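Ready for a little practice at reading a protein model? Keep the viewer open and try each exercise before you look at the solution.

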Amino acid sequence: MNSITPLQGKTINRQAQETNFIIASTILMIIVAGVFVFLQNNTDQLVLITPLLATCLASFWFSRKGKYTVAGWTMIYGVALQFILSTIIFTELVYSSVIGSLIIIGSISLSIFPRKSLWQGLIVSITTAVLVAIIDSTGSINRPPPPTSNLIFRITLIVLYVYFAVRQFPTFALRTKIILGIVVTSGISLIISSTFIFFRSNTIAENLSKDLGESEKQNIKNSLIAISEKNSAEINNQLESISTDINQLASYRSEIEKKASILNSDLYWDARTNLIQLSGGQYSSLPSDSASVFIPSTVLLTDAIIADLNTTARIDVNAYGVLKKYSSAIAVYYLTTSGITTYYPNIGIANVVPADFDITTQNFFTVATPENNPEKIYRWTNPYQDPAGNGLVVTVSSPVYINNRFTGVMAADLKLKEIGNAIDNIQVGTTGYSILIDKKSHIIHMPAQAYEMLSMRPEILASGEETKASILGKGPIPFQIAISKAMSGETNISKVIINNIDTYVVYSPIKNIGYSLVTLVPVSELNIAEERSRERKNIETSSTLTYSAIILATLFLVAILTSLGVGNVISAPIKELTQTSEQIAAGDLNVRAVYETDDELGRLANAFNNMTEQIKDLLAGLEQRVADRSAELVIALEKNQRRASQFEAISKAVESISSTRKIEELLPAITNVISEQFGFYHVGIFLVNENQEFAILSASNSAGGKRMLERKHKLKIGVLGIVGSVASTKKPLIALDTGANATYFNNPDLPETRSEMALPLLATTEIIGVLDIQSRTSNAFGLEDIEVLNTLASQVSIAIVNARLYEQTERTLKEADALSTEAIHRGWSRYTNSQKIFGVRHSTTKTTILHEKISPSELNNSITNSPLKADATESRMTIPIKLRGEVIGVLTIQSITERKWTDDELEMASSIVERAAITLENARLLFDSQKRADKERIIGEITSKIGSFISKDNILQSTAAEIGRILPGSEVVVQFRKNENSNE
């Protein structure tokens, strides 16, 4: 049975983790893409996702069985199949398929396969890329472009597998990293350069195609505008011609009026004999007459009217000439201001209209009156439904002036159906059509497909009713904008989307009547050249993509082969150097790296050999250095232990000192604690007297020190000994060899001293004493001891200052308590004497104010005389009333029954008495304050009254009177003192 080494087990574990991670991530991404495709109803794209999903599931099954290499190959074949199928179905995918096959298959190989099998996966990736390029170049050019979701899925998948490859990079050997670095760098350079070349060429082709398309589009637009202007001009010329003829006919009527006297001598037609009166009272011409005459029943037939009708009959030939000239003309008629109509052809108009019909109120008359037409030119009416059944008509009216007097209107009716037929015959494209609107966007003529496009129905009008249907506000916003421009009389072309179809909207005005001709034609029917150019561009682009992909795959293969050779050259010496370092690490310091070149690797080998020599030298002297260092560490450890013990002793000393507050107890405690904790046989504390002249020994722990205390030992400051010197300089001082130190004073009470240290006791910057420490050991103190014990001296100084402050505070509090007690005693004495109130007695029947003190016997008698006998030992409670320790009264409570007071009752009564005492004190203080205020007020009033006088007699009299008033029952005398030096 073959055993697996730890390294092999680690490799297998890594392979399993990476395989499962890649397969799970890919399956999750495919599921997300499938859900997106399903929600977008693009189920035809599932054919691209299904193969990859199936291979991923199979790979997962192999991975669960431990066949990780098989799982990797299954994934690779699934990816290759997906790229091949998508290239067969769609166009414009060759570039992403080539890059995707190289990256994704390569990433799977790097992440899953053993290092020795990497080249197999790379060969499959390159083969797939070349195969995809060949399939795209030989595929049908009619393949549809891929949906955007497909490209997003590819890009996301490529980015995901790049991440998989990057995760594996730290685990690669140096040779593999070098190869991958060269391959990736070369691949990125190739992709960027080929992408730039492709898109640059595609941009140039697109710009050229766009320029060609724009030129073609501009030619189409110019052609459409020219056609629209031509059709508009034709309609405008026809309308302008008929309006000119009507205008000339009006002028002719004016001219023949000037010759009426001559013409009427030879009558062409006589109204006197040819007019007949109908039953309604109106007059009509004969049916055989050329014109149909109508005189309303409201008009009286006079000779002047008959003469005017006879003159008007002279226009018969001209009127019929107009009707014959224009097929769209329905009628020509002359209307007078009196309401008389001469109508061509003769339709018996008097039988059509009401007998009293007033023609002067109609729009075709009023539009030309001086009020509405001061320019005296022809006018067009709005389209209206013809009462004679000719459909939608429009009337051109021209005013008739005779000798600058408005006499009537010459008019002609035109069928708009004739103009509409002409508009329907306009052919633009295959399905293009035209619309005629007036300046208010009312529909003059519109074909059925336009009504369908705008979701409208043709308007149904009553007889004589004007059209009201408008296309303003109908259709998409761009179409409405174009209609607004057409209404303003512009000539232009717009491109709008109508019912999801790109449509040209061309408009030009019919200036004579104020109408606009709007033509709509689909863009696709006119952009044939542009479509052909786009098809050629797509073919060239597909071919370029194919060749670019083949070149990219070939160059990538060359980059891989090149990187293999370069990687071997670079990694071989590094591998040898690695083996040498492993031998040295194993303990063989005699091995050396052999590398003869002078490049970086050669210098690295030399440096490595030098380092090995230094390691040998270092190891040779390492034992001695370790021994020396160990000795130093032992000494340092001893010092640290001593320092730690000193600080621990200081802590205990400070803790002991802080528990004592009285100075006479504190100082001996300090000396004893320091001696016990530090092991010094003598510790003394000297305090400086008030005039800073002597340092007086105040406490000591040793026998000799106590003898010195008995004789009140003191030292002159700055004159004698270590203590005097420290008290003067305020700096610590050590005498290590006391016999040789000049400042040492040979003390017979301490003959065993061999080392001495004195530390100043300071309160801020003022010297308050000296801590004297003496040892039986020579050289017992060092500079470090000064630092440590100086900390202790600072704590001793603080303790002494605190003790003094405590004693001072205690004395002050006692004095304050005494003064407060005395003040309370005097105040209550004055208060009770002045108020004559000594207490209150309360019984079950009444409450009595006591104005005299009650003797104990009286109090006992009053209790005895109560209805019930009381036990004075149990049923009586006496509580002193205290205020700040001073008794100002007493509360006596006597139970009327035989009972014993409980502790709760006693506590409650005591609490009430305490609060009552405070309240009584506040009342007394308020009384005193009011009394002082009354005094000040009276003094102020008297002073003010006296100050109002200026005479001495008045002042004296007023002073005596006021004093007598405030001190009733007294005699007041004011007398001046006689000057002894004066004779007066």
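The exercises below use a predicted model, and each one comes with a worked solution.

**Exercise 1. Find T128 and describe its surroundings: is T128 buried or exposed, and what does its side chain reach?**

Step 1: Start with the location. T128 sits in helix 5, which covers residues 118-138.

Step 2: Check the accessibility. The cut-off for buried is under 20% relative accessible area, and T128 has 5%, so T128 is buried.

Step 3: Follow the side chain. The T128 side chain reaches the backbone oxygen of V124 at 2.8 Å.

Step 4: Look further along the chain. When neighbours within four places in sequence are left aside, T128 is in contact with A80, S101 and I105.

**Exercise 2. Work out which residues of helix 11 are buried and how they are arranged around the axis.**

Step 1: Select helix 11, residues 316-325, and pick out its buried residues: D316, A319, V322 and L323.

Step 2: Look down the axis of helix 11. The buried residues fall within an arc of 130°, so they line one face of the helix.

Step 3: Turn to the other side of helix 11, where V317, K324 and K325 are exposed.

**Exercise 3. Compare three salt bridges and say where their partners lie.**

Step 1: Recall the principle. Side chains of opposite charge can pair when their charged atoms come close.

Step 2: Get the overall count. Searching the whole structure gives 13 salt bridges.

Step 3: Take E257 and R253. Their side chains meet in a salt bridge at 2.8 Å, N to O. These two residues are 4 residues apart in helix 7 (residues 174-258), so about one helical turn separates them. E257 is partly exposed at 24% relative accessibility, whereas R253 is buried at 0%. Now add D308: R253, E257 and D308 are linked in a network of salt bridges.

Step 4: Move to E465 and K468, whose closest N and O atoms are 3.2 Å apart in a salt bridge. E465 is partly exposed at 28% relative accessibility, while K468 is exposed at 53%.

Step 5: Finish with E752 and R776, a salt bridge with its closest N and O atoms 2.3 Å apart. E752 lies in the loop between strand 18 (733-735) and strand 19 (755-763), and R776 in the loop between strand 20 (766-775) and helix 22 (783-835), so this pair ties together parts that are 24 residues apart in sequence. E752 is partly exposed, with a relative accessible area of 39%, and R776 is partly exposed at 48%.

**Exercise 4. Describe the polar contacts and other neighbours of S292.**

Step 1: Place the residue. S292 belongs to strand 3, residues 292-295, and is buried with a relative accessible area of 0%.

Step 2: Trace its polar partners. The S292 side chain makes a polar contact with the side chain of N346 at 3.5 Å. A polar atom of the S292 side chain also lies 2.7 Å from the backbone nitrogen of I349.

Step 3: Widen the view. Beyond neighbours within four places in sequence, S292 is in contact with several residues, including S285, T341, Y343 and G348.

**Exercise 5. Which residues make a nonpolar surface patch of about 230 Å²?**

Step 1: Select I963, I966 and L967, which make this patch.

Step 2: Zoom in on L967. This residue is found in the segment after helix 25 (952-966), and L967 is partly exposed, with a relative accessible area of 47%.

Conventions
Residues are numbered from 1 along each chain as its sequence is written. This is a predicted model: local features need pLDDT of at least 70, side-chain atom pairs count only at pLDDT 80 or more; totals for chains, interfaces and linings use all residues. Side-chain values use heavy atoms; hydrogens and water are left out. Buried means under 20% relative accessible area, exposed over 50%, partly exposed in between (1.4 Å probe, protein chains only). A polar contact is a pair of N or O atoms within 3.5 Å; within protein, one must be able to donate a hydrogen and the other to accept it, and residues adjacent in sequence count only if both atoms are side-chain atoms. Contact means heavy atoms within 4.5 Å. Patches are made of residues with over 30% relative accessible area and no salt bridge: like charges are joined within 9 Å, nonpolar side chains (Val, Leu, Ile, Met, Phe, Trp, Tyr) within 5 Å. Accessible areas come from the Shrake-Rupley method with a 1.4 Å probe; for residues, only the protein chains shown count as cover. A salt bridge is a side-chain nitrogen of Lys or Arg within 4 Å of a carboxyl oxygen of Asp or Glu. The arc is that of the directions from the helix axis to the C-beta atoms.
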